[in-house]
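Reader: Please give me a close look at the salt bridges. For each pair you pick, tell me where the two partners lie and how much of them is covered, then put the pairs in their surroundings.

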Amino acid sequence: MTTTAQKTAVRAVGTAHVRVEGRDKVTGAARYAGDVPFTGLGYGWLVLSTVARGRIRDIASAPVLEMPGVLAVLDHRGAPRLNTDYAGLMGIRPDPTCAVFQNDTVPHLGWPVALVVAETPEQAREAAEALVVDYEVLPHDIEFHGDHPDSYPADGHMPGVTDKGDLEAELAASAAVVDEEYTTPEEHHHPMEPHAATARWEDGRLEVVDSNQGATWVVGELANLFSLDPASVRVRSEHVGGGFGSKGVRAHQVAAVMAATILDRPVRVALTRPQMFALAGHRSPTVQRVRLGADADGRLRALDHRSVSRTGTIYEFVESSAGVARTMYDADAHHTENRVVRLDVPSPTFMRAPGEAPGSFALETALDELAEKCGIDPIELRLRNEPDKGPVSGLPFAGRNLRACFEEGAGRFGWGRRDPRPRVRRDGRWLLGTGTAAASFQAGAAPSTAAITAEADGRFTVRISAADIGTGARTALTLVAADALDAAPDQVTVRIGDSDFGPAMIAGGSMGTRSWSLAITAAATTLREHLVPGTVIPAEGITVRSDTTAQIAALTNMERHSYGAQFAEVAVDPATGEVRVRRMLGVFAAGRIVNPLTARGQFTGGMIWGISMALHEEAVRDPAFGGPVGADLANYHVATHADVPRVEADWVDDTDPDDPVGIKGIGEVGIVGAAAAVANAVWHATGVRQRHLPIRPDRVLTAAGDDA
Ligand code: MOS
């Protein structure tokens with residue numbers, strides 16, 4: 001293979017391709033975890049606590065065991081003991097909610113107290129609903145406030161506190177100061193496909209067909225929990241209907257493995273939509289205080305971002321909302337702080353752009369407020385504060401094309417024609433406004449392995465334990481592999497979602513496609529060295545494997561991020577408080593875009609979540625019983641078609657010659673800043689700031705009641 005051949009080949013990366021599994025999905029041929037048939041399948045139904053804190057005194061399993069079809073009732077009195085003392089993926093210990101039936105303690109409403117297994121799902125459900133659990137009820141506290149006396153600074157997936165300079169002195173010396181509190185509510189992932197797992201023992205191996213974001217990750221956790229050799233566990237997750245951070249190891253897989261072990265037959269456990277409110281994780285509410293101090297020209301002297309989030313009593317998860325300021329903006333004095341308070345609620349978890357999504361709402365709204373105070377255009381204010389190195393890390397940027405995003409976006413959106421004054425545009429009864437915000441999300445990579453086989457018929461098969469959770473990853477990897485092999489995409493079959501393909505990064509942290517592409521490219525390079533002209537390929541093909549552990553360790557430590565500029569136009573009805581997004585544009589700099597077709601869906605999907613976050617999503621927890629009011633998708637509002645008129649996403653060139661694949665990741669940056677752009681547009685329409693999400697009609701009316 002010569003470099004000349006590579007250069008002259010038609011490249012697949014960068015051209016639009018429909019999903020390689022698209023036909024299977026729309027015809028129903030693609031099977032999801034709850035669809036795969038098994039002979040002798042038993043169905044498990046989880047029984048969740050109806051008290052928010054307490055102890056299990058008794059579980060009346062005897063009468064339930066007499067019910068039709070019931071095979072077993074599993075609870076803390078007889079369930080297998082689990083090992084929970086280990087470091088999980090990247091040192092992140094799994095949420096102990098997955099370690100079900102280990103003791104009689106109930107730490108929150110919706111805690112799994114038993115699993116009823118029966119011959120049919122209907123029998124399991126009926127028996128589960130008939131199971132009487134007697135609790136000693138203990139007082140609970142779920143009331144979350146920003147000034148809760150028990151909050152403490154905490155590291156999450158990033159450090160808790162960073163600090164430089166003299167904040168108070170710089171604030172005192174500032175010509176313009178913003179000091180405001182912003183809040184975001186409890187939010188839930190709710191992927192379309194609920195969590196489901198089927199476990200069975202086959203020839204001494206445990207096999208779990210599951211819906212998750214990383215098959216080898218789930219293998220590792222299950223092997224640890226059940227003290228098994230990881231080689232004796234196989235997890236398959238060929239098709240996954242969304243995850244958004246909620247699909248790691250959770251209660252249902254563990255319960256299914258327990259039941260399959262005890263009954264020695266396949267057992268499936270699927271979560272219902274209401275159960276997901278307690279068992280799938282969620283995004284914590286946040287209370288954030290942002291203080292900005294600037295010179296008259298808008299240059300930041302002081303930046304202080306403090307966030308308080310909520311976690312459960314058994315697991316500390318931190319919604320690190322103050323982190324986004326560490327890479328976005330510099331100031332002479334710069335302080336960021338993530339605090340958390342433990343209350344009697346389920347553990348929150350990673351949810352699409354954890355930290356950045358709520359954090360950017362507060363920070364990017366505060367910047368808009370500062371722009372207003374300084375009389376500077378909000379885009380110009382941001383550009384004047386573009387740092388030339390990491391504000392906290394001091395590291396150089398591996399490309400920072402935020403300026404290009406704003407310039408391209410402003411031109412397309414018509415920002416130059418905007419009257420900066422609020423409440424001057426009308427369309428009949430509607431007040432119109434536009435707003436903008438910046439976005440960023442880190443671009444990382446983690447060690448992965450891949451195998452590529454040159455088949456005797458001239459085709460190639462790639463095997464990698466990647467997960468396509470609806471992103472189009474399988475198709476993107478097909479294009480990456482085709483280019484790396486100097487083949488056409490239809491000569492390449494990419495097989496994913498099987499832990500037997502070897503360790504690989506999960507679909508998470510916007511790191512999947514970059515991590516997997518590095519492994520595939522490395523394997524392809526080796527394979528091409530084998531395939532010199534005249535090579536005869538044997539019937540079993542020629543297979544090479546790659547492992548990027550050393551390559552990833554050798555990557556230069558830099559500030560590597562995707563960026564974006566978000567623009568929104570809203571109409572506000574001052575009589576009803578209704579906010580309608582009329583159009584939205586996001587322009588991103590996110591490395592090499594592998595498949596424009598599915599990439600656009602990733603960006604617009606994130607932006608639509610941003611609209612949803614700005615206007616609709618809010619789980620309200622009742623302090624009396626401790627759970628969300630109306631735990632279903634009728635009461636938990638999300639943006640639907642009618643809420644999403646024109647949402648466009650595009651990107652600017654963002655090449656990184658130092659990176660072998662040049663991919664940065666696009667899964668999460670689309671939601672970052674989106675809610676702030678909408679909120680800033682609502683201010684521009686009405687003249688009133690909205691600092692609390694969601695921007696419900698009552699909040700618009702209370703704030704801008706003068707016109708109602
Ligand atoms: Mo994402 S919240 O890293 O699955």
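Author: One cut-off is needed from the start: a residue is called buried when its relative accessible area is under 20%, exposed when that area is over 50%, and partly exposed in between. The model is a predicted one.

E168 has a relative accessible area of 47%, so E168 is partly exposed. Its partner in a salt bridge is R291, and the closest N and O atoms of the two are 2.9 Å apart. This pair links distant parts of the chain, since E168 belongs to helix 5 (residues 167-172) and R291 to strand 14 (residues 286-294), with the two positions 123 residues apart. The two ends of the bridge fall into separate classes of cover: R291, with a relative accessible area of 10%, is buried, whereas E168 is partly exposed.

The pair of E168 and R291 does not stand alone. Salt bridges that share partners join E168, R291, D304, R306, E337 and R339 into one network. In the structure as a whole there are 57 salt bridges.

Two residues that are not named in that network give some of its setting. H335 sits in strand 16, which covers residues 333-342. The relative accessibility of H335 is 9%, so H335 counts as buried. H335 and L303 are 32 residues apart along the chain, and their C-alpha atoms are separated by 6.3 Å.

A second salt bridge is made by the side chains of E372 and R689, at 3.0 Å from N to O. E372 lies in helix 10 (residues 356-374) and R689 in the loop between helix 17 (674-686) and helix 18 (697-703); the pair therefore ties together parts that are 317 residues apart in sequence. As for cover, E372 counts as partly exposed because its relative accessibility is 43%. R689, at 11% relative accessibility, counts as buried. Here, then, an acidic residue that is partly exposed meets a basic residue that is buried.

A third pair brings in the loop between helix 17 and helix 18 again. The side chains of R696 and E618 meet in a salt bridge, with 3.0 Å from N to O. R696 is in the loop between helix 17 and helix 18, while E618 is in the loop between helix 16 and strand 25, so this bridge ties together parts that are 78 residues apart in sequence. With a relative accessible area of 25%, R696 is partly exposed.

The loop that holds E618 also has a nonpolar side to it. F625 lies in this loop, between helix 16 (596-615) and strand 25 (646-651). Its relative accessibility is 39%, which means that F625 counts as partly exposed. Together with V620 and V629, F625 forms a nonpolar patch on the surface, and the three have about 260 Å² of accessible area together.

Helix packing can be added for two pairs of helices. Helix 6 (residues 215-225) packs with helix 7 (residues 251-263) at an angle of about 55°, and their axes are 11 Å apart. Helix 6 is therefore oblique to helix 7. Their crossing is right-handed. For helix 13 (residues 473-485) and helix 14 (residues 512-530), the axes come within 9 Å and cross at roughly 30°. That makes helix 13 roughly parallel to helix 14, and helix 13 passes helix 14 in a right-handed crossing.

Terms used. Residues are numbered from 1 along each chain as its sequence is written. This is a predicted model: local features need pLDDT of at least 70, side-chain atom pairs count only at pLDDT 80 or more; totals for chains, interfaces and linings use all residues. Side-chain values use heavy atoms; hydrogens and water are left out. Patches are made of residues with over 30% relative accessible area and no salt bridge: like charges are joined within 9 Å, nonpolar side chains (Val, Leu, Ile, Met, Phe, Trp, Tyr) within 5 Å. Accessible areas come from the Shrake-Rupley method with a 1.4 Å probe; for residues, only the protein chains shown count as cover. A salt bridge is a side-chain nitrogen of Lys or Arg within 4 Å of a carboxyl oxygen of Asp or Glu. Helices (H or I, at least four residues) and strands (E, at least two) are DSSP runs, numbered from the N terminus. Buried means under 20% relative accessible area, exposed over 50%, partly exposed in between (1.4 Å probe, protein chains only). Axes are lines fitted to C-alpha atoms, for helices over the stretch in contact, and angles run from 0 to 180 degrees between N-to-C directions. Angles under 35 degrees count as roughly parallel, over 145 as roughly antiparallel, 65 to 115 as roughly perpendicular and the rest as oblique. A crossing is left-handed if the near helix is turned anticlockwise from the far one by less than a right angle, and right-handed if clockwise.
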